[in-house]
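The following exercises practise the reading of a protein model. Please attempt each task before reading its solution.

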Amino acid sequence: MPNIEVNGKSYETDEEGYLLNLAEWNQDVAAYIAKTESLEMSDNHWEVINFLREYYEEYQIAPAVRVLTKAIGKKFGPEKGTSQYLYELFPYGPGKQACKVAGLPKPTGCI
Amino acid sequence: MSDIKKFMFVNRKAPYGTIYALESLEVVLITAAFDQDVSLVFLDDGVYQLKKGQQTKGIETKNFSTTYRALEGYDIEKLYVEKESMDARGLTAEDLLVDVTVLTSKEMGELMGQQDVVLSF
Amino acid sequence: MLHIINRSVLGNAAFDSCLRVAAPGEILLIEDAVYAATKGNALEGKVREMQNRFKIHVLMPDLEARGLADRVIDGVSPVDYGGFVDLVAANKNCQSWL
């Protein structure tokens, strides 16, 4: 299994760079993965990442993009509840890319 | 729209002894992306899937029971439980972790007959 | 609609569940469920009674494999694999009582 190394600690990932053990996740690892994805993390990015972590904690799945979009809009306001907003933050797909930074598995049904 | 079909997922197995329950749930979540008319049915041991208070640490298995609560966010709101199956297991609707419609065997059979596609788990 | 049963009906809930829930229609017995279609089995009476509500079919290759092809209960219709396909095609939908 591939590894990433952050602050001298090693973390196991799958072939595509998703963290294997989501309990190991922390902000530094997230920042590291974000860099490998060429993302400049802003407060708006972190807002989505933290939301995904909470969603996963509650439901044990990463939400589909449509579901994430709706839920973000409900929580943070309609201007953020659009796929355009989420794709601007995570150009390679809010599901795929944001979940990776959040240390979650790829969303079920993500094609 | 005429291209919307009625899909029914029939769940008849208890959650952790076999993979059926989890597989069904994953197919349901994928189906949700296609905007179809989706119903979930819980029959026989399948009603155990919805029992409140599941704790899977001891068997080192993912507790996917909370995922049923996410279904509403996926616009899947038709959940049916057969009364006879619940009664036979000493369960009531209050024991279940999501809101369901309780149907008799007869009502369930009629609903099943109305579907375009029935997926059996 | 068509209801398919593939487990032995003795000591398995699938058969009873199907009878409890299914609206009148057709039943196809396959794999280990074919024993239910044989004369003298403990559920013969039940199978005969069911014929009021269901047209019952049995998959002959499965019955032949089990050495019981000559004991089909009267009124139960024997089908081959082609007949299985015809049944699925002729019914609006299908539930497998796994």
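**Exercise 1. Describe the pairing and packing around the first two strands of chain B.**

Step 1. Strand β1 (residues 6-11) of chain B runs parallel to strand β2 (residues 37-42) of chain B, and six bridges join them. Strands here are DSSP runs of E with at least two residues, helices are runs of H or I with at least four, and both are numbered from the N terminus. Two strands pair if DSSP finds at least two bridges between them.

Step 2. As an individual example, B:Val10 has B:Val41 in β2(B) as its bridge partner.

Step 3. Helix α1 (residues 20-31) of chain B packs on the sheet and touches β1, β2 and β5 of chain B. The direction of α1(B) makes about 165° with that of β1(B). Contact requires C-beta atoms, placed from the backbone, within 7 Å; angles run from 0 to 180 degrees between N-to-C directions, with axes fitted to C-alpha atoms, for helices over the stretch in contact.

Step 4. Helix α3 (residues 105-113) of chain B also packs on the sheet, touching β1, β2, β3 (78-82), β4 and β5 of chain B. Its direction makes about 135° with that of β3(B).

A note on the source: this is a predicted model, in which local features need pLDDT of at least 70 and side-chain atom pairs count only at pLDDT 80 or more, while totals for chains, interfaces and linings use all residues. Residues are numbered from 1 along each chain as its sequence is written, and chains are lettered from A and ligands numbered from 1 in the order in which they are written.

**Exercise 2. State the strand order of the sheet in chain B and identify its edges.**

Step 1. The open sheet has five strands in the order β4-β3-β2-β1-β5 (chain B), with parallel pairing.

Step 2. β4 (101-103) and β5 (117-120) of chain B each have a single partner strand, so they stand at the edges and one side of each lacks a neighbour in the sheet.

Step 3. From one strand to the next, the twist averages 25°.

**Exercise 3. Characterise the fold of chain A.**

Step 1. Chain A has five helices and two strands, and from the N terminus on its elements run β-β-α-α-α-α-α.

Step 2. The radius of gyration of chain A is 13 Å, close to the 13 Å that the globule rule gives for 111 residues, so chain A is as compact as a globular protein of that length. The radius is taken over C-alpha atoms, and the rule is 2.2 Å times the number of residues to the power 0.38.

Step 3. Of the 111 residues of chain A, 29% count as buried. A residue is buried if 20 or more other C-beta atoms, placed from the backbone, lie within 10 Å of its own, exposed if 12 or fewer, and partly exposed in between.

**Exercise 4. Where does A:Asn7 lie, and is A:Asn7 buried or exposed?**

Step 1. A:Asn7 is in the loop between β1 (3-6) and β2 (9-12) of chain A.

Step 2. A:Asn7 counts as exposed, because it has 8 C-beta neighbours inside 10 Å.

Step 3. Phi of A:Asn7 is positive, near 50°, in a residue other than glycine. Most residues other than glycine have a negative phi.

**Exercise 5. How many residues of chain C and of chain B take part in their contact?**

Step 1. Chain C provides twelve residues and chain B provides 17 residues.

Step 2. On the chain C side, α1(C) gives the most, with four residues.

Key: Contact = placed C-beta atoms within 7 Å.
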